[in-house]
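Reader: I've got a structure I'd like to talk through with you. Could we go over it piece by piece?

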Amino acid sequence: MWDVMILLGAPGAGKGTTAAGLVEERPDWKHVSTGNMLREALQSGTQVGLEAKQYMEKGELVPDAVVMKIVAEHLRVGPKDAVYLFDGFPRTDEQAVLLDQFLSESGEGRVSRVFLLEVAKEVLVERMSGRIVCRDCGAVYHLTNMPPKQEGVCDSCGGELYQRADDNRETVLNRFEVYEKQTASLISYYRERDVLVPVDGLSKAVAVKAILDAVAGPVGES
Ligand code: AMP
């Protein structure tokens, strides 16, 4: 049975960083980032990548059906008895419905918990403007808050660090708007289903610990 957990939060809330921290503690968990999957598709020039390009460059959302397709494929080929940690998916109510439908129709899984990473907006903008990412392993650094040991080089794998094309100021602001308009309503979607767990996202260590504690305890907001 796929045990799906979701990391929800505004752009820059630390979904990727927290997911990486969780997987360090629980190496059996599968981190699924639709953003990473789409960037890989774009780099390798696949049909999905070509379709996604125009939306990603503007900070807009890729159509729901395209994203659901890659997620479904990923689950189908992956192990069944695993925890899947979704980061950046679902992003719209429609994607949440499609995911629930897919899980119930296949009879193979459920969304067990949704962690909402809460961070003040000023912190988010500051984080994103200095964010740099490893081209090879996806590790995330920050030019001032968390610089790599050697400039431009990933500490973990030696890969090249770059600034994401959609981390420029104009696109960042658009991504916030998209989040407010299309993603924020997911908070009530999952609250109604009693699986939402708000988590303080200011520090990675605190967020990781809160999530691991919540997984060990009963479901639902306390
Ligand atoms: P992320 O790395 O999660 O910030 O995603 C980067 C970009 O990929 C987003 O701004 C969207 O254009 C696209 N993207 C990632 N995940 C999704 C999704 N679940 N639905 C639609 N578009 C997505």
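Reader: Let's start with T34. Which residues does T34 touch, not counting those up to four places away in sequence?

Author: Before anything else, bear in mind that this is a predicted model. T34 sits in helix α2. Leaving out residues up to four places away in sequence, the ones T34 touches are V67, V71, D87, G88 and F89.

Reader: Does T34 count as buried or exposed?

Author: The cut-off for buried is under 20% relative accessible area. T34 has 3% relative accessibility, so T34 counts as buried.

Reader: Now the ligand. Which helix gives the most to the shell around the ligand?

Author: There are 16 residues around the ligand, and T34, R39, E60, G88 and Q95 come nearest. By type, the shell divides into six nonpolar, four polar and six charged residues. T34 is in helix α2, and the helix that gives the most to the shell, with four residues, is α2 (residues 34–43).

Reader: How much of the ligand's exposed area does the protein bury?

Author: Let's go through some polar contacts on the way. A polar side-chain atom of R39 is 3.0 Å from a ligand oxygen, and a polar side-chain atom of R91 is 3.1 Å from an oxygen of the ligand. V62 joins in with a polar backbone atom, 3.1 Å from a ligand nitrogen. On its own the ligand exposes 470 Å², and the share of that buried by the protein is 95%.

Reader: On to β3. How many of the residues of β3 are buried?

Author: Take the two ways the side chains point. V83, L85 and D87 go one way from β3, Y84 and F86 go the other way, and all are buried. That fits with β3 being mostly covered, and the count of buried residues is five of five.

Reader: Which residue of β3 is the bridge partner of V32?

Author: Strand β2 (residues 30–33) runs parallel to β3, and they pair over four bridges. Strand β1 (residues 2–8) also pairs with β3 in the parallel sense, over five bridges. From β3, the bridge partner of I6 is F86, and the partner of V32 is F86.

Reader: Let's move to the open sheet of three strands. Which strands stand at its edges?

Author: The order in this open sheet is β6-β5-β7, with antiparallel pairing. The two edge strands each have a single partner strand, so one side of each has no neighbour in the sheet, and they are β6 (140–142) and β7 (161–162).

Reader: What is the bridge partner of V133 in β6?

Author: Strand β5 (residues 131–134) pairs with β6 over three bridges, in the antiparallel sense. For V133, the bridge partner in β6 is V140.

Reader: And L143, is that one buried or exposed?

Author: L143 lies in the loop between β6 and β7. L143 does touch G130 and I132, leaving out residues up to four places away in sequence, and its C-alpha is 6.4 Å from that of R131, twelve residues apart in sequence. Exposed takes over 50%, and with a relative accessible area of 55%, L143 is exposed.

Reader: One backbone detail to finish. Which peptide bond is cis, with omega near -10°?

Author: Look in the loop between β3 (83–87) and α5 (93–106), where P90 is found. With omega near -10°, the cis peptide bond is the one from F89 to P90.

Notes: Residues numbered from 1 in each chain as written. Predicted model: local features only at pLDDT ≥ 70, side-chain atom pairs only at ≥ 80, totals over all residues. Heavy atoms only, no water. Pairing = 2+ DSSP bridges. Near = heavy atom within 4 Å. Polar contact = N/O pair within 3.5 Å; in protein donor to acceptor, adjacent residues only side chain to side chain. Areas by Shrake-Rupley, 256 points an atom, 1.4 Å probe, with all protein chains shown as cover. Nonpolar A, V, L, I, M, F, W, Y, C, P; charged D, E, K, R; others polar. Buried < 20%, exposed > 50% of the residue type's maximum accessible area, 1.4 Å probe, protein only. Contact = heavy atoms within 4.5 Å.
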